[in-house]
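This briefing looks at one protein chain, with attention to its pockets, a ligand site and a handful of individual residues. Please read it with the sequence and the coordinates open side by side.

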Amino acid sequence: MANAPLTFSLILLLSLAISLPLNSQEFATKLSKREMGMIKREELTHLHFYFHDVIGGSDPTSVVVAQAATTASDPNKFGEVLVVDNRLTVGPNLSSRAVGRAQGMYALSDLGDAGILVVFNFVFTEGRFNGSTLTVVGRDAVLSASREMPVIGGTGDFRFARGYARTRTHLLDVKRGYVVEEYHVYVFHY
Ligand SMILES: *[C@@H]1O[C@H](CO)[C@@H](O)[C@H](O)[C@H]1NC(C)=O
Ligand SMILES: *[C@@H]1O[C@H](CO)[C@@H](O)[C@H](O)[C@H]1NC(C)=O
């Protein structure tokens, strides 16, 4: 019976040790790739589509929401901010099959050139990637023949996505306020 207090404290210690991970409220936990469904090999997907920036007309999908006092007189419209919900299609025609939307915003953010900061979520509505999204954040030098922006992440089938988007202007109609950009997106995902 002399050992009773020792047994008791051992049990107490053990139960403390067992309950420790639950009570310690860790904010960072090491996981295995297997637990996160990353046992499949990483895939590389190429997406090709057209982006329709409809600013003018009676049914715009791209609207100016803000500008600076100096924007109107600036040759590069520095400070203008647009919010977009632009259609993405398989072909260059706006009425060709839709594959998703580009939702987000862009800001004219280059004092000396035609350069914009884009923050887009590509929301896909077709085929295998229906419901999945890709997030693109970067600089688009809109007048350059070919531009490149990073894909910084994704959801759904595009979890853990990384890659880049190449874009070029397919059509620029300043009078109508209509721009069509051709996109090639290369993305690694699981
Ligand atoms: C786009 O498609 C519509 C309807 O099919 C057609 O009327 C129009 O001419 C096409 N536009 C271009 C630029 O091909
Ligand atoms: C895409 O997913 C939505 C929601 O699950 C569904 O309603 C729609 O029919 C799907 N579209 C295609 C083309 O599979």
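What follows describes the overall make-up, the pockets, the ligand surroundings and selected residues in turn.

The model is predicted, and every value below is computed from it. The protein chain has 190 residues, of which 34% count as buried, and its secondary structure comes to 1 helix and 9 strands. Read from the N terminus, the helix comes ahead of the strands, in the order α-β-β-β-β-β-β-β-β-β.

**The largest pocket**

- The largest pocket holds about 710 Å³ of space, and 31 residues contribute to its lining.
- Among those lining residues, I55, Y106, V142, L172 and V179 are the ones that lie nearest the centre of the pocket.
- Several strands take part in this lining, since at least two residues are supplied by each of β1 (43–54), β4 (98–108), β5 (115–124), β8 (162–173) and β9 (178–189).
- Sorted by class, the lining of the largest pocket comprises 18 nonpolar residues, 8 charged residues and 5 polar residues.

**The second largest pocket**

- The second largest pocket holds about 170 Å³ of space, and the residues that line it are L47, H48, F49, V90, R97, V99, F124, E126, G127, R128 and F129.
- Strand β1 provides the largest share of this lining, with 3 residues, and β1 is also one of the strands that supply at least two residues to the lining of the largest pocket.
- By class, the second largest pocket is lined by 6 nonpolar, 3 charged and 2 polar residues.

**The surroundings of ligand 2**

- Three names make up the surroundings of ligand 2, namely T125, E126 and N130; E126 also appears in the lining of the second largest pocket.
- The side chain of N130 has an N or O atom that lies 2.3 Å from an oxygen atom of ligand 2.
- Taken on its own, ligand 2 has 360 Å² of accessible area, and the protein covers 25% of that area.

**Buried residues**

- T71 is located in the loop between β2 (62–66) and β3 (81–89), and despite this loop position T71 counts as buried because its relative accessibility is 1%, a value under the 20% cut-off.
- The C-alpha atom of T71 lies 9.4 Å from that of L108, although 37 residues separate the two along the chain.
- E181 belongs to strand β9 and likewise counts as buried, because its relative accessibility is 8%.
- The side chain of E181 makes a polar contact of 2.8 Å with the side chain of R147.

**Glycines and their partners across the sequence**

- G57 sits in the loop between β1 and β2, and G57 counts as exposed because its relative accessible area is 70%, which is over the 50% cut-off.
- Between the C-alpha atoms of G57 and G177 the separation is 7.4 Å, while along the chain the two residues are 120 residues apart.
- G163 is found in strand β8 and counts as partly exposed, because its relative accessible area of 26% falls between the limits of 20% and 50%.
- From G163 to T45 the distance is 9.5 Å, C-alpha to C-alpha, for two residues that are 118 residues apart in sequence.

**Positive phi outside glycine**

- K77 is not a glycine, and yet its phi is positive, at about 50°.
- This residue, K77, is placed in the loop between β2 and β3, the loop in which T71 also lies, and K77 counts as partly exposed because its relative accessibility is 40%.
- F160 likewise has a positive phi, near 65°, in a residue other than glycine.
- The place of F160 is in the loop between β7 (147–155) and β8, and F160 counts as partly exposed because its relative accessible area is 44%.

Technical notes: Residues are numbered from 1 along each chain as its sequence is written. Chains are lettered from A and ligands numbered from 1 in the order in which they are written. This is a predicted model: local features need pLDDT of at least 70, side-chain atom pairs count only at pLDDT 80 or more; totals for chains, interfaces and linings use all residues. Side-chain values use heavy atoms; hydrogens and water are left out. On a 1 Å grid over the protein atoms alone, a cavity is a set of points where a 1.4 Å probe fits but cannot get out, and a pocket is an open set with protein on both sides within 12 Å along at least five of seven lines; lining residues have an atom within 4 Å of a point. Grid points are joined across faces, edges and corners, and a volume is the space filled by probe spheres set on the points. Helices (H or I, at least four residues) and strands (E, at least two) are DSSP runs, numbered from the N terminus. Ala, Val, Leu, Ile, Met, Phe, Trp, Tyr, Cys and Pro count as nonpolar, Asp, Glu, Lys and Arg as charged, and the others, Gly among them, as polar. A residue is near a molecule or strand if one of its heavy atoms lies within 4 Å of it. A polar contact is a pair of N or O atoms within 3.5 Å; within protein, one must be able to donate a hydrogen and the other to accept it, and residues adjacent in sequence count only if both atoms are side-chain atoms. Accessible areas come from the Shrake-Rupley method with a 1.4 Å probe; for residues, only the protein chains shown count as cover. Buried means under 20% relative accessible area, exposed over 50%, partly exposed in between (1.4 Å probe, protein chains only).
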